[in-house]
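Please work through the exercises below with the sequence and the structure in view, and try each task before reading its solution.

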Amino acid sequence: MSRRQFLSYTLGGATAFMGAGMIVPMLRFAVDPVLQPKTEAAWVKVVEETKITETPASFKFKVHQVDGWWESDPELEAWISKDKAGNIFALNPTCKHLGCTVDWNSNPAFKDQYYCPCHGAHYTADGKNLAVAPLPLDQYELKTENGFVYVGQLGPNKRAQ
Ligand code: FES
């Protein structure tokens, strides 16, 4: 081996070793949140069960979200009511047309319905889409415990199939 080859191999190896020592931690830092196991969404206490009636009412609540390295506590809204059998359910007010916010009983032409002011979508109390919107309002998982209503994961509407 010539002296030139020896220096070339030695310096190349040392450079590669030092480069790997810098790049591996950076890669790990970048992808670590993706590798973490997903945790189940926690239940959030929203309101006393006694305050829920057959007329939907809006309740605000905060959820703790972790998105990669970003943590936040956005305020969300659920319209909660109960049916004639006493089953409590919670709907998300985001219109399934283009994402505006629906309101209960806000248009006299659509009495006892959710109405979206943006393009006129309207929904039944169960969230079933009656016009404009292609899908029913999304529904939160819900449980009652010790007299309080808790909401969980948001998903497709199970009442308005
Ligand atoms: S966003 Fe609600 S009707 Fe278009």
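The exercises that follow concern a predicted model, and they go from the overall outline to single residues.

**Exercise 1.** Describe the overall dimensions of the protein chain, and set its radius of gyration beside that of a compact globule.

*Solution.* Begin with the box along the principal axes, which the C-alpha atoms of the protein chain fill at roughly 90 × 40 × 25 Å. Next, take the radius of gyration, which is 26 Å for the protein chain, whereas a compact globule of 161 residues would have one near 15 Å. Finally, turn to burial: buried residues make up 20% of the 161 residues.

**Exercise 2.** Find out which domains the protein chain is assigned, and how many Å separate their centres.

*Solution.* The domain assignment gives domain 1 as residues 1–36 and domain 2 as residues 44–155. With centres taken over C-alpha atoms, domain 1 and domain 2 are separated by 53 Å.

**Exercise 3.** List the secondary structure from the N terminus on, and then examine the span that UniProt annotates as a transmembrane region.

*Solution.* In a first step, count the elements, which come to 1 helix and 12 strands. In a second step, read their order from the N terminus on, where the run opens with α and continues with β. In a third step, consult the UniProt record, an unreviewed entry, which places the feature "transmembrane region" at residues 6–27. The span 6–27 is 100% helix and 0% strand, and its end C-alpha atoms lie 31 Å apart.

**Exercise 4.** Identify the residues with the most contacts inside the largest nonpolar core, and say which strands each supply at least two of its residues.

*Solution.* The largest nonpolar core has 20 residues, and those with the most contacts inside it are Ala78, Ile80, Ala90, Leu91 and Val102. At least two residues of this core come from each of β5 (75–82), β6 (88–91), β8 (114–115) and β12 (148–155). As background, nonpolar side chains in soluble globular proteins tend to be buried together. To look at one member closely, take Leu91 and leave aside its neighbours within four places in sequence: Leu91 is then in contact with Ala78, Trp79, Gly127, Leu137 and Gln139.

**Exercise 5.** Is strand β2 hardly covered or well covered, and how does β2 run relative to β5?

*Solution.* Strand β2 spans residues 57–62 and is hardly covered, since the count of buried residues among its 6 residues is 0. Strands β2 and β5 run antiparallel and are joined by 6 bridges. One of the residues to trace is alanine 57, whose bridge partner in β5 is isoleucine 80. Isoleucine 80 also appears among the residues with the most contacts inside the largest nonpolar core.

Conventions:
Residues are numbered from 1 along each chain as its sequence is written. This is a predicted model: local features need pLDDT of at least 70, side-chain atom pairs count only at pLDDT 80 or more; totals for chains, interfaces and linings use all residues. Domain bounds come from an automatic or database domain assignment. UniProt positions are given in the numbering used here, feature names are shortened, and annotations may be inferred rather than shown by experiment. Helices (H or I, at least four residues) and strands (E, at least two) are DSSP runs, numbered from the N terminus. A nonpolar core is a set of buried Ala, Val, Leu, Ile, Met, Phe, Trp, Tyr and Cys residues joined through C-beta atoms within 7 Å. A residue is buried if 20 or more other C-beta atoms lie within 10 Å of its own, exposed if 12 or fewer, and partly exposed in between; C-beta atoms are placed from the backbone. Two residues are in contact if their C-beta atoms, placed from the backbone, lie within 7 Å. Two strands pair if DSSP finds at least two bridges between them. The radius of gyration is taken over C-alpha atoms; the globule rule is 2.2 Å times the number of residues to the power 0.38.
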